[in-house]
Amino acid sequence: MATGRFIAGVAAVIWSPISKKYLLLRRSEQKDYARGSWECVTGRLEQGEGFEDALRREVLEELGVEVKVDHILGTTHFHRGDPIPENELVGVIYLCSLDEPGSIRIGEEHSEYRWLTGEEAFTLLTADDTTTQWVKRVIQRAETVRPMLPNSLVEFQDNTGFELG
């Protein structure tokens, strides 16, 4: 396999501990990829930026809020379109929480948002496209992992962060 370049990205699966719901956002019809699909906050790293800094920047840009970063939920690898090197993305998915779900303000990147329980999200995420199925898997994992997280681990990660660079 040839060595090449790829896009680095982040995703924030945002959960409200108050309502026990996840935030899903509908991508704007003006987006270059996955128009109209439901997603969580996603974005690409800028040159010289770490994953955690990119996560915080993307959440602030897309929602106008800061979130608590609870845990790394997993990694991801896919192509944003045709499977060519220029479209290849690798990323880190973070499990985040937001105490005030009414504080978000979406921008032009999204046309609407919904706070949904895991079951409500599964009912909504029925389309067969790659993005929808990815978000469904992410929510399923979040539903499994969140109850297993000990408070001491979440507190440690909140105090120390994830970047070891």
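Me: What makes E1 and strand E2 (residues 21-27) count as a pair?
Reply: Two strands pair if DSSP finds at least two bridges between them. E1 and E2 have 2 bridges in the antiparallel sense, so they make the cut. One spot to look at is Trp15, which stands opposite Tyr22 in E2. The hairpin of E1 and E2 has 4 residues between the strands, and Lys20 takes a positive phi near 60° there.

Me: What are these numbers based on?
Reply: This is a predicted model, where local features need pLDDT of at least 70 and side-chain atom pairs count only at pLDDT 80 or more, while totals for chains, interfaces and linings use all residues. Residues are numbered from 1 along each chain as its sequence is written, and side-chain values use heavy atoms, with hydrogens and water left out.

Me: Which other strands does E1 pair with, and in what sense?
Reply: E1 runs parallel to E6 over 9 bridges, with Ala11 opposite Ile93. E1 also pairs with strand E4 (residues 41-44), this time in the antiparallel sense over 4 bridges; there Gly9 has Arg44 as its bridge partner.

Me: Why is strand E1 called mostly covered?
Reply: Buried means under 20% relative accessible area, exposed over 50%, and partly exposed in between (1.4 Å probe, protein chains only). In E1 (residues 7-16), 9 of the 10 residues are buried. Over the chain, buried residues make up 47% of the 165 residues.

Me: How do you know how many helices and strands there are?
Reply: They're DSSP runs, numbered from the N terminus: H or I of at least four residues for helices, E of at least two for strands. That gives 4 helices and 7 strands, in the order β-β-β-β-α-β-β-β-α-α-α.

Me: And what makes the chain as compact as a globular protein of that length?
Reply: The radius of gyration, taken over C-alpha atoms, is set against the globule rule, 2.2 Å times the number of residues to the power 0.38. The chain comes to 15 Å, close to the 15 Å that the rule gives for 165 residues, so it passes as that compact.

Me: Why is the Phe78 and Trp134 pair called tilted?
Reply: Rings of Phe, Tyr and Trp (its six-membered ring) pair if their centres lie within 6.5 Å; planes under 30 degrees apart are stacked, over 60 edge-to-face, and the rest tilted. That rule yields 2 aromatic pairs. Phe78 and Trp134 sit 6.4 Å centre to centre with 45° between the planes, so "tilted" it is. They're 56 residues apart, Phe78 in strand E5 (residues 68-79) and Trp134 in helix H3 (residues 130-145). At 24% relative accessible area Phe78 is partly exposed, whereas Trp134 is buried at 13%.

Me: Then why is the pair of Tyr94 and Phe162 edge-to-face?
Reply: Their ring centres are 5.7 Å apart and the planes are at 70°, so the pair falls in the edge-to-face class. Tyr94 is in strand E6 (residues 88-97) and Phe162 in the segment after helix H4 (151-160), 68 residues apart. Both are buried.

Me: How do you know that Cys40 is too far from Cys96 for a bond?
Reply: A disulfide needs two cysteine sulfur atoms within 2.5 Å. The closest cysteine sulfur to that of Cys40 is in Cys96, 9.1 Å away, so no bond. The whole structure has 0 disulfides. Cys40 is buried at 4%, and Cys96 is buried at 0%.
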